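Please look through the sequence and the structure shown here, and then follow the paragraphs below, which go from single residues in loops to helices and finally to the whole chain.

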Amino acid sequence: MNTQTHILLAAGLLTRPGRENRRNNAAVLVGAFAPDALIFVMFVWSKLTSVPENEVWRVWYFTPPWLTAIDWMNSIPLFTAIALLGWLLVRHSQSYASVAMMTMLFALAALTHIFGDLPLHVNDGHAHFVPFSQWRFVSPVSYWDPRHYGDIFSKLELALALGLIVILWRRFDTRPVRAILALTTLAYAVPYVWFVLLGGHADHNAAATLIHTLPGATGSLTTAHA
């Protein structure tokens with residue numbers, strides 16, 4: 001899914017109103033963004049260094065060190081371990097209870113993102129079980145590619161996002177939060193214009209198709225290729 005939908009979903013599941021919950025809510029938002037953070041860093045760095053966009057999506061995204069780093073930021077074992085550590089500290093350490101709760105919520109929000117991504121990538125998914133395995137699930141459904149029901153899912157994602165915005169609008173009655181929610185609705189126009197109208201996924205899709213045809217890419221599972 002798009003990054004903003006992941007953030008809305010985690011917020012809908014894990015955030016709570018009230019000044020006393022501000023730090024916890026911030027941890028949720030950061031955690032929901034974390035799995036995609038390095039993709040944004042990669043994209044910005046490519047602009048700063050004048051690297052052609054086709055190289056970013058054809059080469060960088062699919063090869064180390066970017067591939068390795070992004071996989072780690074989408075690791076189920078990693079964020080499960082962080083969540084368990086936070087949970088244990090919440091239960092057994094009063095001194096660090098506040099930080100422990102933030103840590104646990106951060107990791108749970110990241111896991112919400114990861115589990116939302118796992119079934120929605122065809123040839124461009126992540127190795128979600130590093131460091132124990134490098135295999136990648138190849139789903140029959142893509143959140144963006146119209147050749148794999150992306151045109152249908154994009155409409156479902158938009159409906160989900162609007163529903164979550166309504167839920168969060170009702171949950172939070174402060175003006176700053178509601179202003180952010182109002183602006184969030186505009187954020188869905190940007191991926192649509194870039195990826196659908198301007199074909200921003202074209203290079204990414206070509207590279208993903210190439211990776212899928214390499215030796216070892218079989219069935220619904222494929223291994224990473226350097």
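Ser50 lies in the loop between helix H2 and helix H3, where helices (H or I, at least four residues) and strands (E, at least two) are DSSP runs, numbered from the N terminus. This is a predicted model, in which local features need pLDDT of at least 70 and side-chain atom pairs count only at pLDDT 80 or more, while totals for chains, interfaces and linings use all residues. Residues are numbered from 1 along each chain as its sequence is written, and side-chain values use heavy atoms, with hydrogens and water left out. Although Ser50 is not a glycine, it has a positive phi of about 60°. Ser50 counts as exposed because its relative accessibility is 64%, given that buried means under 20% relative accessible area, exposed over 50%, and partly exposed in between (1.4 Å probe, protein chains only).

A positive phi is also found at Tyr149, which is not a glycine either and has a value of about 70°; Tyr149 sits in the loop between strand E1 and helix H7 (150-171). Two cis peptide bonds can be described alongside these residues: one runs from Pro64 to Pro65, with omega near 5°, and another joins Val130 and Pro131, with omega about 10°. Pro65 has its place in the loop between helix H3 (53-58) and helix H4 (66-72), whereas Pro131 is in the loop between H6 and strand E1 (136-137). As background, most residues other than glycine have a negative phi, and most peptide bonds are trans.

Within helix H7 lies Phe153, which counts as buried because its relative accessible area is 17%. Leaving aside neighbours within four places in sequence, Phe153 is in contact with Met1, Leu120, Ser142 and Tyr143, contact meaning heavy atoms within 4.5 Å. Of these partners, Leu120 is 33 residues from Phe153 in sequence, and the two are 9.1 Å apart in space, C-alpha to C-alpha.

Helix H6 (residues 97-117) has 21 residues and reaches 30 Å from its first C-alpha to its last, close to the 30 Å expected, the expected span being 1.5 Å times one less than the number of residues. The buried residues of H6 include Ala100, Met104, Leu105, Leu111, His113, Ile114 and Asp117. Among the elements that cover the buried residues of H6 are helix H1 (3-14), helix H2 (22-48) and helix H5 (76-92).

How are H1 and H2 placed with respect to each other, in angle and in distance between their axes? They pack at an angle of about 160°, with their axes 9 Å apart, where axes are lines fitted to C-alpha atoms, for helices over the stretch in contact, and angles run from 0 to 180 degrees between N-to-C directions. That angle is why H1 is roughly antiparallel to H2, a term for angles over 145 degrees. On the side of H1, the residues that meet H2 are Thr3, His6, Ile7, Ala10, Ala11 and Leu14, and their partners in H2 include Asn25, Val28, Phe33, Asp36 and Phe40. The residues of this contact of H1 with H2 divide into 9 nonpolar, 3 polar and 1 charged; Ala, Val, Leu, Ile, Met, Phe, Trp, Tyr, Cys and Pro count as nonpolar, Asp, Glu, Lys and Arg as charged, and the others, Gly among them, as polar.

Taken as a whole, the protein chain has 10 helices and 3 strands, and from the N terminus on its elements run α-α-α-α-α-α-β-α-α-α-α-β-β. Of the 226 residues in the protein chain, 43% are buried.

Note on methods:
Angles under 35 degrees count as roughly parallel, over 145 as roughly antiparallel, 65 to 115 as roughly perpendicular and the rest as oblique.
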